[in-house]
Amino acid sequence: MKLFRLMALLLIGCQWHIANAASPMAVLPQYKMVDLGTLQQQSPAMSWVFANGLNQHGVVVGDSTRLPEHTHAARWPAAESQPEVVDDLGAPIGAASSTATAINDHGTIVGFATAGMDSPLIWSNPGGMQTLGDLPGGGTSGRAMAINNAGVAVGVSTASTGKRAFRWT
């Protein structure tokens, strides 16, 4: 008899939970895919593009083929009316490639450049592109991976003791 009462209570509880749960027919958001375009307009079939970050305004950052074997960090505006407008963020002198990994809501972008080893970068107005440097004590390469709205960047840097997480303030 106790088992029957327990089963009845469980069934009543399940029915109450189901009756009070959100509708299973909830409306899901509708998504639309937009081609962001590429920096290499001469031969887009031979190029590739990565979108790595997005801020709340819809500005996208990543990288795109610029020349064969080289990429440049890129920024795409939020406006869907200009889906193939791409801003080339460049690469430091001597670097073969650059990548933008994140953007905050103020438009400050972080990423890295590759010139043998990776070097963490930040792009901002009015400062333009600047290197963030490596960890003290023998850091040899690094990548800035994220930035918050206070301008604090985080990432990874390689030192003599291995890969280390960092925060730039």
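Strands β6 and β7 (residues 117-124) run antiparallel and are joined by seven bridges. Strands here are DSSP runs of E with at least two residues, helices are runs of H or I with at least four, and both are numbered from the N terminus. Two strands count as paired if DSSP finds at least two bridges between them. One such bridge sets Ile109 against Trp123 in β7. A single residue lies between the two strands of this hairpin, and Gly116 takes a positive phi near 85° there.

The model is a predicted one, in which local features need pLDDT of at least 70 and side-chain atom pairs count only at pLDDT 80 or more, while totals for chains, interfaces and linings use all residues. Residues are numbered from 1 along each chain as its sequence is written, and side-chain values use heavy atoms, with hydrogens and water left out.

On its other pairing, β6 meets strand β5 (residues 97-103), again in the antiparallel sense, over six bridges. Ser97 stands opposite Thr114 of β6. The hairpin of β5 and β6 has five residues between its strands, and Gly107 takes a positive phi near 90° in it. How far is β6 (residues 109-115) enclosed by the rest of the structure? Five of its seven residues are buried, so the strand is largely enclosed. Buried means a relative accessible area under 20%, exposed means over 50%, and partly exposed covers the range in between, with a 1.4 Å probe and protein chains only.

These strands belong to an open sheet of four, in the order β5-β6-β7-β8, with antiparallel pairing. The edges are β5 and β8 (128-131); each has a single partner strand, so one side of each is left without a neighbour in the sheet. On average, neighbouring strands of this sheet are turned by 30° against each other, direction ignored. For such angles, axes are lines fitted to C-alpha atoms (for helices, over the stretch in contact), and the angles run from 0 to 180 degrees between N-to-C directions. As a general point, side chains in a regular strand alternate between the two faces of the sheet.

Another open sheet has three strands, in the order β9-β10-β11, and its pairing is antiparallel. Its edge strands are β9 (141-147) and β11 (162-168), each of which pairs on one side only. Neighbouring strands here are turned by 25° against each other on average, direction ignored. Strand β10 (residues 153-159) runs antiparallel to β11, and seven bridges join the two. Among the facing residues, Ala153 has Trp168 in β11 as its bridge partner.

Earlier in the sequence, Thr71 sits in strand β3 (residues 70-76). Is Thr71 buried or exposed? Thr71 has a relative accessible area of 7%, so it is buried. Apart from neighbours within four places in sequence, Thr71 is in contact (heavy atoms within 4.5 Å) with several residues, including Trp48, Thr65, Ala96 and Ser97.

Thr65 is part of strand β2 (residues 60-67). With a relative accessible area of 5%, Thr65 is buried as well. Thr65 and Ser97 are 32 residues apart along the chain, and their C-alpha atoms are separated by 9.0 Å. A polar atom of the Thr65 side chain lies 3.0 Å from the backbone nitrogen of Trp48.

Trp48 also takes part in an aromatic pair. Rings of Phe, Tyr and Trp (its six-membered ring) pair if their centres lie within 6.5 Å; planes under 30 degrees apart count as stacked, over 60 as edge-to-face, and the rest as tilted. By this rule there are two aromatic pairs. In the pair of Trp48 and Phe50, the ring centres are 5.2 Å apart and the planes stand at 70°, so the pair is edge-to-face. Trp48 is partly exposed, with a relative accessible area of 43%, and Phe50 is partly exposed at 46%.

What does the protein chain contain as a whole? It has one helix and eleven strands, and the helix comes ahead of the strands when the elements are read from the N terminus. Of its 169 residues, 31% count as buried. Among contacts between residues at least 6 apart in sequence, 36% join residues at least 24 apart. The accessible surface of the chain comes to about 11200 Å², and 61% of that belongs to carbon and sulfur atoms. Such areas come from the Shrake-Rupley method with a 1.4 Å probe; for residues, only the protein chains shown count as cover.

Note on methods. Polar contact = N/O pair within 3.5 Å; in protein donor to acceptor, adjacent residues only side chain to side chain.
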